Amino acid sequence: MAHAERRKRDASSRPAAGRRAAKAGPPAGRVTSGPATSVSFRLNGVPFEREVPVGWTLLELLREGLGFTGTKCGCGIGECGACTVLLNGEAVNSCLVLASQIDGARVWTIEGVAPAGGRELHPVQRAFVESGAVHCGFCTPGMVMSVLGLLLKNPNPTEAEMRSAIDGNLCRCTGYAQVMDALRRSVSQVSDSDLAKFRS
Ligand code: FES
Ligand code: FES
């Protein structure tokens, strides 16, 4: 999703929640007071139910509430793409989505990308390594999620569509040549079965 388009994205599509969610305690981390709301959602294929302080973003829920710190916070205002996750199959900036909006939704983060419980790399992750597109790595989780979002929507993107897919992901290290190389490798190496779980 292009940067400008992604910034406007909301969480309006809400598929029904899957099997019964395990009840979880209140989010750990930031001390809050005031009203909370309950959300049920699937995170990396696993059902969750949480009490979330009103006003928390999805990024806060992931990092502070659940300890999923693979999703990074670069700016908190929709400018850097470090917080990109898949929400119902679309790449979104999780700092711009309210946690209360994900009730019934499917969320995938970088922690869920690698197959075999993380013992192997997903082909998109492998493409980043093979292309030398991981330097400090701070932007990489968001980049990987943006590439997955593109491939879910369009498995055969043009060069312009590839550039557009990552135009909201800022990288201070690579200069983008390696990232574009990783994108091209991803397009040629990722099969439909590599994307199947992100649709559930
Ligand atoms: S932290 Fe969300 S776009 Fe920068
Ligand atoms: S690899 Fe360092 S910001 Fe992208």
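**A tour from helix H2 to the H3–H4 crossing**

Select helix H2 and color Leu58, Leu59, Glu60, Leu61, Leu62, Arg63 and Gly65: these residues are buried. You are looking at a predicted model. H2 spans residues 58-65, and seven of its eight residues are buried, so the rest of the structure largely encloses this helix.

What do the buried residues of H2 pack against? Show strand E3, residues 46-53: that is their packing partner. Next, step just past the end of H2 to Gly67. Its phi is positive, at about 75°.

Now zoom out to the whole protein. There are seven helices and six strands. Color by secondary structure and follow the chain from the N terminus: the order reads α-β-β-β-α-β-β-β-α-α-α-α-α. Of the 200 residues, 40% are buried. Turn to the contacts with a separation of 6 or more: 66% of them join residues 24 or more positions apart.

Last stop: select helix H3 (residues 123-130) together with helix H4 (residues 140-153). Their axes come within 10 Å and cross at roughly 125°. Angles over 115 but not over 145 degrees fall in the oblique class, so H3 is oblique to H4. The crossing is right-handed.

Which residues of H3 meet H4? Show side chains for Val124, Gln125 and Phe128. On the H4 side, add Thr140, Val144, Val147 and Leu148. By class, this contact has five nonpolar and two polar residues, with no charged ones. While you are there, recall a rule for reading such lists: an α-helix has 3.6 residues a turn, so residues three or four places apart point the same way.

Conventions
Residues are numbered from 1 along each chain as its sequence is written. Chains are lettered from A and ligands numbered from 1 in the order in which they are written. This is a predicted model: local features need pLDDT of at least 70, side-chain atom pairs count only at pLDDT 80 or more; totals for chains, interfaces and linings use all residues. A residue is buried if 20 or more other C-beta atoms lie within 10 Å of its own, exposed if 12 or fewer, and partly exposed in between; C-beta atoms are placed from the backbone. Helices (H or I, at least four residues) and strands (E, at least two) are DSSP runs, numbered from the N terminus. Two residues are in contact if their C-beta atoms, placed from the backbone, lie within 7 Å. Axes are lines fitted to C-alpha atoms, for helices over the stretch in contact, and angles run from 0 to 180 degrees between N-to-C directions. Angles under 35 degrees count as roughly parallel, over 145 as roughly antiparallel, 65 to 115 as roughly perpendicular and the rest as oblique. A crossing is left-handed if the near helix is turned anticlockwise from the far one by less than a right angle, and right-handed if clockwise. Ala, Val, Leu, Ile, Met, Phe, Trp, Tyr, Cys and Pro count as nonpolar, Asp, Glu, Lys and Arg as charged, and the others, Gly among them, as polar.
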